[in-house]
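Grab a pencil and try each exercise before you peek at its solution. Keep the picture open while you work.

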Amino acid sequence: MANKKRILTGDRPTGNLHLGHLVGSHLNRVKLQDEYDTYILLADVQALTDNFDDPEKVRDGVFQVLQDSLAVGIDPEKSTIFLQSAVPQIAELTVFYSNLVTISRLERNPTVKDETKQKAKFKDSMPLGFLMYPVSQAADITVVKGELVPVGEDQLPHIEQTREIVRKFNSIYGHVFPEPKALVGGVARLVGLDGNAKMSKSLWNCIYLKDSREEVRQKVMRMYTDPNRIHPTDHGKVEGNPVFIYHDAFNKNKGEVEDLKKRYETGKVGDVEVKEKLINALNIFLDPIRERRSKYDAKKLLMEILSEGTKKALKTAEETMKEVREAMKIVKLV
Ligand code: ATP
Ligand code: MG
């Protein structure tokens, strides 16, 4: 494993995983876990930056995201899944990095700006922790010397911020870190059921991996389509239509998708048929995930997997921090 490059990626434990996570990042994680030494972070400290008043949600989220990740196909024998709060070296590195970033640079981060807009409570009173979570994310990635970061498109400004910090650190203190690269998934940003630009736990517009067949049915049936199409004989719009975006992303029967698109555009198919076929495709996609999920139901097993992964991550993080402290001329006490 020593000569393999490292992946670092992760999730905020604020609820169960949804289809957006899958196509943005998780499918790549599963695909690459043999080729890379893979570290997966459950970012509970980051989740607290905007959920500090709801700690139960974050605690429960740790086990939800862990179980979902294993269900998608992360193999704990191959990948290291670990808990952010249990690796204090991340907090230490965040403090060192906070000298290398300006407040105005953080305020210009487009993802932080978007997220702030969604959170009315932060408009006039931004907590310091939330503003600087991209700095802590730079510490997450580099504390294990991550070189590849599988993420959705909304994370690109954060990876760019990390690269800037790495360049600055290396130029002042000497070369310690590789510059990480982002790897965006097959769908960079999956739209929400409501047509919103992003399926997101915070926007209540998700199909969750743990949703039952019945829940998938109900959600798809209520899904937003072409608002200008009232009758099945009206000519519909395929482009930008969430139902077809999902067909493209999840329906493996490409012939069926092409046929539905053609008939939709020429007014020869109703929304119900298009949605029925999507429900079927989503269930084909989700069934193996549901099956694996049931194998990781026991809290004790989840706890063991997380403890083992965290032990390994702690060791790697401390190795990195020894180099960091030496490069930064931190006095070493005997
Ligand atoms: P929150 O609203 O709590 O931020 P989230 O749904 O944005 O939740 P995160 O834990 O922030 O989820 O994201 C985990 C990973 O999944 C990131 O790499 C992110 O880019 C990716 N991701 C999240 N939503 C989508 C989406 N709709 N399309 C593509 N990738 C996504
Ligand atoms: Mg997010």
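## Exercise 1: a charged pair

K261 and D248 join their side chains in a salt bridge, with N and O 3.0 Å apart. Keep in mind that this model is predicted.

Task: Work out where K261 and D248 sit along the chain, and say whether K261 is buried or exposed.

Solution:
- Step 1. Start with the idea behind the pairing: side chains of opposite charge can pair when their charged atoms come close.
- Step 2. Now locate the partners of this salt bridge: K261 belongs to helix α12 (residues 254–265) and D248 to helix α11 (residues 242–250). They are 13 residues apart, and the pair links distant parts of the chain.
- Step 3. Check the cover. Buried means under 20% relative accessible area, and K261 has 15% relative accessibility, so K261 counts as buried. D248, at 39%, is partly exposed.

## Exercise 2: a pair inside one helix

Task: Find the salt-bridge partner of R290 and say how many residues separate R290 and D287.

Solution:
- Step 1. R290 pairs with D287, and their closest N and O atoms are 2.9 Å apart.
- Step 2. Both residues lie in helix α13 (residues 271–295), and they are 3 residues apart, about one turn of the helix.
- Step 3. For cover, R290 is buried at 18% relative accessible area, whereas D287 is partly exposed at 29%.
- Step 4. Want the wider view? A search of the whole structure turns up 31 salt bridges. E160, R163, R167 and E179 are linked in a network of them.

## Exercise 3: covered or open?

Task: Decide how many residues of helix α8 are buried, and whether K117 is buried or exposed.

Solution:
- Step 1. Helix α8 spans residues 133–143, and 11 of its 11 residues are buried. Among them are Y133, D140 and V143.
- Step 2. Just past α8, K145 has a positive phi of about 50 degrees.
- Step 3. Now turn to K117 in helix α6 (residues 110–118). Exposed means over 50%, and K117 reaches 61% relative accessibility, so K117 counts as exposed.
- Step 4. Look around K117 too: together with R108, K113 and K123, K117 makes up a patch of positive charge on the surface.

## Exercise 4: the whole chain

Task: Say how many helices and strands the chain has, and why the chain counts as compact.

Solution:
- Step 1. The chain has 14 helices and 5 strands.
- Step 2. Its radius of gyration is 22 Å, close to the 20 Å from the globule rule for 334 residues, so the chain is as compact as a globular protein of that length.
- Step 3. Finish with cover: 51% of the 334 residues count as buried.

Notes. Residues numbered from 1 in each chain as written. Chains lettered and ligands numbered in written order. Predicted model: local features only at pLDDT ≥ 70, side-chain atom pairs only at ≥ 80, totals over all residues. Heavy atoms only, no water. Patch = residues over 30% accessible without salt bridge, like charges linked within 9 Å, V, L, I, M, F, W, Y side chains within 5 Å. Areas by Shrake-Rupley, 256 points an atom, 1.4 Å probe, with all protein chains shown as cover. Salt bridge = Lys/Arg side-chain N within 4 Å of Asp/Glu carboxyl O. Lys, Arg positive; Asp, Glu negative; His and termini not counted. Charge placed at Lys NZ, Arg CZ, Asp CG, Glu CD. Helix = DSSP H or I, 4+ residues; strand = E, 2+ residues; numbered from the N terminus. Buried < 20%, exposed > 50% of the residue type's maximum accessible area, 1.4 Å probe, protein only. Rg over C-alpha atoms; globule rule 2.2 N^0.38 Å.
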